[in-house]
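Trainee: Could we go through this model together before I set up my calculations? I would like to start with single residues and then turn to helices and empty space.

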Amino acid sequence: MIGADVVEIAPVINDREVFLSVPVRMTLAEMLRDRLDLFGVKLSCEMQVCGVCTVLVDGQPVSSCTYLAADADGRRVSTIEGLAEGEQLHPLQQAFVDHFALQCGFCTPGFIMMAKHLLDRSPDPTRDEVVEYLDGNLCRCTGYAPIVDAVLDAAGRLRAEP
């Protein structure tokens with residue numbers, strides 16, 4: 001700890017350990033965007049309502065708009081930027097492209113990170129399970145059918161991988 005208003009943290013962000021001094025009231029979203037230039041993390045409602053800012057912390061989805069950066073100390077944080085392997089998109093990312101499951105793209109990272117958590121837990125979900133799991137994420141552009149189709153397609157692609 002540096003002082004009452006600033007703490008030192010060492011989270012692992014997208015498989016890379018980082019060392020930062022952050023204000024105690026800084027959110028994880030602010031840290032990811034402002035300190036690490038991970039702009040895939042979006043901010044919208046800033047009240048844990050829309051799902052746009054979803055990232056995974058130790059494999060669990062969290063709203064990074066309300067999760068404090070200091071609480072990420074020693075934890076593994078995964079963002080949309082950490083899914084691709086170089087130029088090769090993750091199957092979820094590719095399925096979203098193939099199914100036109102994005103329009104403006106603003107909500108896409110949050111949907112993909114929630115879907116990743118779902119598929120990590122349940123590799124063969126039903127359509128109803130996908131709909132129910134993603135109901136906390138809001139999209140104002142595409143409608144939800146292409147998003148659900150993309151998640152189901154990605155589930156099949158992931159099951160088919162060696």
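**Residues, helices and spaces**

Mentor: Valine 7 is buried, with a relative accessible area of 11%; buried means under 20% relative accessible area, exposed over 50%, and partly exposed in between, with a 1.4 Å probe and protein chains only. This is a predicted model, in which local features need pLDDT of at least 70 and side-chain atom pairs count only at pLDDT 80 or more, while totals for chains, interfaces and linings use all residues. Residues are numbered from 1 along each chain as its sequence is written, and side-chain values use heavy atoms, with hydrogens and water left out.

Trainee: Which strand does valine 7 lie in?

Mentor: Valine 7 lies in strand β1; helices (H or I, at least four residues) and strands (E, at least two) are DSSP runs, numbered from the N terminus. Valine 7 and arginine 25 are 18 residues apart in sequence, and their C-alpha atoms are 9.9 Å apart in space.

Trainee: Moving on, where is alanine 29, and is it buried or exposed?

Mentor: Alanine 29 is in helix α1, residues 28–35. Its relative accessible area is 0%, so alanine 29 is buried.

Trainee: What does alanine 29 contact?

Mentor: Apart from neighbours within four places in sequence, alanine 29 is in contact with Val41, Leu43, Ser64 and Cys65, where contact means heavy atoms within 4.5 Å. Alanine 29 and cysteine 65 are 36 residues apart along the chain, yet 5.3 Å separates their C-alpha atoms.

Trainee: Which other residues of α1 are buried, and what covers them?

Mentor: The buried residues of α1 are Leu28, Ala29, Met31 and Leu32. Down the axis of α1 they fall within an arc of 170°, so they line one face of the helix; the arc is that of the directions from the helix axis to the C-beta atoms. Their cover includes β1 (6–9), β2, β4 (20–23), β5, β6 (60–63) and β7.

Trainee: What about threonine 27?

Mentor: Threonine 27 lies in the loop between β4 and α1 and counts as buried at 12% relative accessibility. Not counting residues up to four places away in sequence, threonine 27 touches Ser64, Cys65, Tyr67, Leu68 and Ala69. Ser64 and Cys65 are also among the contacts of alanine 29.

Trainee: Now the backbone. Which phi values should I look at?

Mentor: Most residues other than glycine have a negative phi. Aspartate 15 has a positive phi near 70°; this residue lies in the loop between β2 (12–13) and β3 (16–17) and is exposed, with a relative accessible area of 66%. Glutamate 46 has a positive phi of about 55° although it is not a glycine. Glutamate 46 is found in the loop between α1 and β5, and counts as partly exposed at 49% relative accessibility. Aspartate 37, just after α1, also takes a positive phi of about 55°.

Trainee: How far does helix α5 reach?

Mentor: Helix α5 (residues 145–160) has 16 residues and reaches 23 Å from its first C-alpha to its last, close to the expected 22 Å; the expected span is 1.5 Å times one less than the number of residues. Its buried residues are Ile147, Val148, Ala150, Val151, Ala154 and Ala155. Seen down the axis of α5, these fall within an arc of 155°, so they line one face of the helix. They pack against α2 (91–98), α3 and α4 (127–133).

Trainee: And the empty space: how much lies in the largest pocket?

Mentor: The largest pocket holds about 280 Å³ of space. On a 1 Å grid over the protein atoms alone, a pocket is an open set of points with protein on both sides within 12 Å along at least five of seven lines, a cavity is a set where a 1.4 Å probe fits but cannot get out, and lining residues have an atom within 4 Å of a point. Grid points are joined across faces, edges and corners, and a volume is the space filled by probe spheres set on the points.

Trainee: Which residues are closest to the centre of the largest pocket?

Mentor: Of the 15 lining residues, Asn14, Asp15, Ser78, Gly82 and Leu83 are the closest to its centre. The largest share of the lining, three residues, comes from β7.

Trainee: How many cavities of 30 Å³ or more are there?

Mentor: The search of the whole structure finds one, and the largest cavity contains about 30 Å³ of space. Among the residues that line it are Val41, Val52, Ile80 and Met113.
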